[in-house]
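Work through the exercises below with the model open. Try each task before reading its solution.

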Amino acid sequence: MDIDGILAEVARRPAVGGVRIIGVDGPAGGGKSTLAARLAEVAHAPIVEIDDFVSWDDPTGERWWPRFDAQVLRPLLRGEDARFQRRDWSDWRGDSLGGWRTVPHHDLVVVEGVTCTRRCTVGRLAFAVFVEAPEDVRLRRGLARDHGQPYDVEALWRAWMVKEREFFAADGTRERADLIVRTGDGSV
């Protein structure tokens, strides 16, 4: 399914609170950000990135998910703007909060990032995409992206990959997806 096909399918889905939310989920380094940016660009829709919430110590959201739900999902689904405090990227671990961002209510919003289509979003999202790539490709992409940071990038990436793999298996995220997109192995 191409971008136009995804957006056509989303348009057929019921809106909740006047909004159709597309969730682009999957493990780190899989290509979520690229797909989500293309969807948002073609649809002229705002995008909310889980990277504004997540931290290296909490990839699956035990601490940050309640804030994401309260500041992004619930307001959008009530027909209101989402106003949320972003993580402070100068704190490389991601435990500190920085400035505020407002995403105006829109008829379509793309939410992108690891665990964004978790079980508690069923019935709240119009469409869930799971983007994946072979683990070696994802690790290579992550190490290239985070090269030069003041921490052991590879150790953090490997620990992160274990935690997200466990989360996705327990949550059944991939199995619930409306669409699975595979990247990095010659496929789209």
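The exercises go from overall fold to the nonpolar core.

This is a predicted model: local features need pLDDT of at least 70, side-chain atom pairs count only at pLDDT 80 or more, and totals for chains, interfaces and linings use all residues. Residues are numbered from 1 along each chain as its sequence is written, and side-chain values use heavy atoms, with hydrogens and water left out.

**Exercise 1.** Give the secondary structure of the chain and its order along the sequence.

Solution. Take helices (H or I, at least four residues) and strands (E, at least two) as DSSP runs, numbered from the N terminus. The chain has six helices and seven strands. Their order is α-β-α-β-α-β-β-β-β-α-α-α-β.
The radius of gyration is 16 Å, close to the 16 Å from the globule rule for 188 residues, so the chain is as compact as a globular protein of that length. Here the radius is taken over C-alpha atoms, and the rule is 2.2 Å times the number of residues to the power 0.38.

**Exercise 2.** What share of the 188 residues counts as buried?

Solution. Buried means under 20% relative accessible area (1.4 Å probe, protein chains only). By that cut-off, 51% of the residues are buried.

**Exercise 3.** Which residues touch the most other members of the largest nonpolar core?

Solution. Such a core is a set of buried Ala, Val, Leu, Ile, Met, Phe, Trp, Tyr and Cys residues joined through side-chain atoms within 4.5 Å. The largest has 34 residues; Ile-21, Val-48, Phe-68 and Val-72 touch the most other members. Helix H3 (65-77), strand S3 (82-87), strand S5 (108-112) and helix H5 (153-171) each supply at least two residues. H5 gives the most, with seven.

How values were computed. Buried means under 20% relative accessible area, exposed over 50%, partly exposed in between (1.4 Å probe, protein chains only).
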